[in-house]
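Open the model in your viewer and keep the selection tool at hand. The tour below goes stop by stop, saying what to select and what is found there.

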Protein chains: 2
Amino acid sequence: MDISVLQKVRYGYTPKIPSILEGEIADILVEFGQPTEAIADRDALKEIFKRSYGKPVAVFGRGRNEAIGRELKVGVILSGGQAPGGHNVIAGLFDGLKKGNPSSKLYGFLGGPGGLVDNKAVELTAGKIEPYRNTGGFDIIGSGRTKIETPQQFAASLQTAKKLMLDALVIIGGDDSNTNAALLAEYFLERGASIQVIGCPKTIDGDLKNEHIETSFGFDTACKTFSELIGNIQRDANSAKKYWHFIRLMGRAASHIALECALQTRPNMCVISEEVEEKEISLTQLVEDICNSVVKRADNRENFGVILIPEGLVEFIPEMKKLISELNDVMAAKEDEFSKITSFAGQLRWLSRKISPVSYKLLETLPPQIAGQLLLDRDPHGNVMVSRIDTEKLLMGMVESRLARLKEEGIYKGKFSPLGHFFGYEGRCAFPTNFDADYCYSLGYSAFVLIASGLTGYIASVKNLAAPASEWIAGGVPLTMMMNMEQRHGSKKPVIKKALVDLEGGPFKAFDAARDTWAVKTMFHYPGAIQYFGPAEVCDQPTKTLKLELEQ
Amino acid sequence: MDISVLQKVRYGYTPKIPSILEGEIADILVEFGQPTEAIADRDALKEIFKRSYGKPVAVFGRGRNEAIGRELKVGVILSGGQAPGGHNVIAGLFDGLKKGNPSSKLYGFLGGPGGLVDNKAVELTAGKIEPYRNTGGFDIIGSGRTKIETPQQFAASLQTAKKLMLDALVIIGGDDSNTNAALLAEYFLERGASIQVIGCPKTIDGDLKNEHIETSFGFDTACKTFSELIGNIQRDANSAKKYWHFIRLMGRAASHIALECALQTRPNMCVISEEVEEKEISLTQLVEDICNSVVKRADNRENFGVILIPEGLVEFIPEMKKLISELNDVMAAKEDEFSKITSFAGQLRWLSRKISPVSYKLLETLPPQIAGQLLLDRDPHGNVMVSRIDTEKLLMGMVESRLARLKEEGIYKGKFSPLGHFFGYEGRCAFPTNFDADYCYSLGYSAFVLIASGLTGYIASVKNLAAPASEWIAGGVPLTMMMNMEQRHGSKKPVIKKALVDLEGGPFKAFDAARDTWAVKTMFHYPGAIQYFGPAEVCDQPTKTLKLELEQ
């Protein structure tokens, strides 16, 4: 195999794991706590998860566990968007499985949950896994976004599992995929099939976390990759001294990525969607806030800067939210009529009679490119594709217009040259940091111990992550414990509650305490590229978010 | 100073240097070759560079050199776009200067050549330089694009140099800045001022190279930063299996960056502008070539891929070149008239009577966003700002249209979801690789030895760069040796000849031999982030371009 030098060298890395996972595998025994409850809507959830609701939290301890050595067949699925470290979850799971019993087998389903439904699987052997250790990507078996929802899909999944004579299934995914894991676990129990289902917390967005899941894997690597780029751009801005960079960052609804990157790089501004929603900050106000920083820095002759913008922002700005929702409604109802109008001006005229005057006025004032994205880029349900909206360009355009007025008024005396960026795909498949490599391997290994201990409907949990890996606490948490009921496509569904940025939390408070200074002064940090081989203080630090949350 | 951990640790790095530069500085003696000639237009150049033309190449050897210890005052300028390693050139220059005589002084001119004209300088002390060692950026003194052209600017430069009682000036810049260095050297000689001028070869674009300058500094780091990102995106493409990524790369006219990144990452396609020009490949043909790869990969059920596009491409496509030139002419002549037309449709109508039918037809078929960029984004001279044209979007749009037709014809059976990226600012200020850190420090140190040896109109030269640093050959090359005369703004000017990609050279040939396979099969390489501390095969490799060129 002809591969890059780093890739070759990374195979040699041995992930650091919790000391409980070291040594002989038959010496790991599961200790259970008290029965648990869901975070809300307990009765409804008990009804849905009749057989799997309310199990106790599991923690691994020392003790003889002969059952761990039985021969097992396990399937594994990579679900949803890529996150660095997925390959190490599989490697950890595989190594645990083979330590338990060398005859045990691991199957990988191809292309995500769809591979389970359609019975597309390959056996993952030692030789197959070897070249993927400590590497990024989900390319070992691919990923996919198929959601197992219909009765047919559930039945097909069971059929596949039975055909392969699986003892267990590991689903590596985000909140939705882990909700799916819980539903599958319950379904298998209901059908009397002894197929266990275990989840693993994956997502670069960082929004799958709670008391027991301190962070989802991939968040560390993605944030550090983006922070490398932001730092480089900041250093460029501070050298050329003539550009304002507006950098939009992937991360869906939550602003965890933007916040972590801000803590790592200290930009002049970082918009936090959760704050915009909480304080009902209007688009006009947001533009005004940015202009304030630009004007003050221009007074110090610093006509450059960097602003971070979370991908999901537009949905949190009150008037944009209203406009998008009105557009979605109109399009859903009258898409045929709308699609016949070919000119942009004609579309605007048509809409002027269909949406509220306030929303129409907003639509008119948006830069044409953005208005076009709102009208043209729609998903198959007619919904605006929010992630496709170039929010950075929206803000660049509006700030530019506002500054022109402030210049006329003599308030602004600088020169404004904005440049836009979007970072996302660059970070989802980076080589995992040592942290993510260690964490993922530990998660995979823990998933095996949960399986070997006969548990189902659990998510692998590795805690105390700000400490050295040897002190990490491994175990599992019942998935129902993280759930509540939420409205989805017109009906109440059980879902794992998404963790948004907590405005009372340590990370936001640390940012809030510093941001007024950063807005005016140049306090940029330049983290540089992720390092795998250097001193521990460079290579083995978790995110600032994790540290600040655990220190609280 | 509150700085990132990597930054702290990088201060501790000791650049590797040629063995001739090790040991006592007074033991370095300059050895001269034969007088040299310019690459063309020798008579004209002799006329312009009466006093500095045709000096011999200088190579450092062993020998007692007491003159090296005289007390000196030296000024240094960072000129033009940032390139990783600039701070190390200054550090090497400073260390040489202080080794020669601890009383010598180094001044940094602020904000580029403009700092010399306006006499804005700061003394660069050991304490000031320390925190910038082995870091990216030009922020120690800033950079700028002012060109010293007018008699007033030359006079002001001389005045500043006299005021500061400078013995020498070091200009760190690209081809234009080094041409400027040669002109300043000649000007100072003509005025009888004993101020020496030495250049250093800087540019991430890699287009300042020749027999004596094997590579410009920064090219290594920038290409490796871009290759990290391209590799990550490729791994993402190969995991999600649903996107075609069109990645435009900075690099001005030359395609060296795109070519090096292609050699490092093995994308499905990489357009080389120099080939497009040489073979007169039309836009239609280019789109057809891309579609060929997309169609063939779709036949293999691989509806994803990565295409690299050099920033300067549009200027090399024959019909685009013609269109841009016609637009520039019309706008230069009738800008007032054009600017009064407010609607895009009206502008098109107006242009239909002003440019050739062929060019007008092309303009009409371009995606509206691109046509808009051609008409709106213009520099103060009315010229189209080629670097602002989203060539990746132009190609994405045209490929999408063409594939729709191929689908109707039953030739294409896949699904095409394109995503665009532009990388440039991310790489200009990255922490320099060990190679660039070593090379830059050696260049700066060599610049000092050239100064201490009384030379002027030279550029620092460090050769044999594919070998370990101890075997590098240090010296200097007369700037006039790299020059010819070229048409600029209506008259013949002396310029350093830009090195474009050589279609007969090793790097292009290596690419050409592999590209047909890459176009269809997934042969992606994932280089990962730049490493500073690991094994030498990961941390100390020069670019593939450099190796292939030197192996020829």
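Begin with the lining of the largest cavity: its residues divide into five nonpolar, two polar and two charged. This is a predicted model. To see the lining, select A:Thr225, A:Glu228, A:Ala430, A:Phe431, A:Ile530 and A:Tyr532, and add B:Glu228, B:Gly528 and B:Ala529. The space they enclose has a volume of about 40 Å³. How many cavities of 30 Å³ or more does the structure hold? There are two.

**The second largest cavity**

Next, select A:Gly136, A:Cys429, A:Ala430 and A:Phe431 together with B:Gly231, B:Asn232, B:Arg235 and B:Tyr526. These residues line the second largest cavity, whose volume is about 30 Å³. A:Ala430 and A:Phe431 may still be highlighted from the previous stop, where they line the largest cavity. By class, the lining of the second largest cavity has four nonpolar, three polar and one charged residues.

**The sheet of chain A**

Clear the selection and show chain A as a cartoon. Look for an open sheet of nine strands with mixed pairing, in the order 1-2-13-12-7-6-3-4-5. At its edges are strand 1 (28–35) and strand 5 (121–123) of chain A, each of which pairs on one side only. From one strand to the next, the twist averages 30°.

Now select residues 168–173 and 196–201 of chain A, which are strand 6 and strand 7. Do these two strands run parallel or antiparallel, and how many bridges join them? They run parallel, and six bridges join them. For one facing pair, pick A:Ala168, which stands opposite A:Gln196 in strand 7 of chain A.

Add residues 175–190 of chain A to the view: this is helix 7, which packs on the sheet. Helix 7 of chain A touches strand 6, strand 7 and strand 12 (458–463) of chain A. The direction of helix 7 makes about 165° with that of strand 6 of chain A.

**Two crossing helices in chain A**

Stay in chain A and select helix 9 (residues 256–265) and helix 21 (residues 544–551). Their axes come within 9 Å and cross at roughly 95°. An angle of 65 to 115 degrees counts as roughly perpendicular, and helix 9 and helix 21 of chain A are therefore roughly perpendicular to each other. Show side chains for A:Glu260, A:Leu263 and A:Gln264 of helix 9, and for A:Lys544, A:Thr545 and A:Leu548 of helix 21, which make the contact. The residues of this contact divide into two nonpolar, two polar and two charged.

**Two crossing helices in chain B**

Move to chain B and select helix 19 (residues 506–520) and helix 21 (residues 544–551). Here the axes come within 7 Å and cross at roughly 110°. Helix 19 and helix 21 of chain B are therefore roughly perpendicular to each other. On the helix 19 side, pick B:Gly506, B:Pro507 and B:Ala510, which meet B:Thr545, B:Leu548 and B:Glu549 in helix 21 of chain B. The contact residues divide into three nonpolar, two polar and one charged.

**The second largest pocket**

Keep helix 21 of chain B selected for the last stop. The second largest pocket holds about 610 Å³ of space. Among the 26 residues that line this pocket, B:Lys209, B:Asn210, B:Glu211, B:Ile213 and B:Ala499 are the closest to its centre. Helix 9 (256–265) and helix 21 of chain B are the elements that give two or more residues to the lining. By class, the lining of the pocket has 13 nonpolar, five polar and eight charged residues.

Key
Residues are numbered from 1 along each chain as its sequence is written. Chains are lettered from A and ligands numbered from 1 in the order in which they are written. This is a predicted model: local features need pLDDT of at least 70, side-chain atom pairs count only at pLDDT 80 or more; totals for chains, interfaces and linings use all residues. Side-chain values use heavy atoms; hydrogens and water are left out. Two strands pair if DSSP finds at least two bridges between them. Helices (H or I, at least four residues) and strands (E, at least two) are DSSP runs, numbered from the N terminus. Axes are lines fitted to C-alpha atoms, for helices over the stretch in contact, and angles run from 0 to 180 degrees between N-to-C directions. Contact means heavy atoms within 4.5 Å. Angles under 35 degrees count as roughly parallel, over 145 as roughly antiparallel, 65 to 115 as roughly perpendicular and the rest as oblique. Ala, Val, Leu, Ile, Met, Phe, Trp, Tyr, Cys and Pro count as nonpolar, Asp, Glu, Lys and Arg as charged, and the others, Gly among them, as polar. On a 1 Å grid over the protein atoms alone, a cavity is a set of points where a 1.4 Å probe fits but cannot get out, and a pocket is an open set with protein on both sides within 12 Å along at least five of seven lines; lining residues have an atom within 4 Å of a point. Grid points are joined across faces, edges and corners, and a volume is the space filled by probe spheres set on the points.
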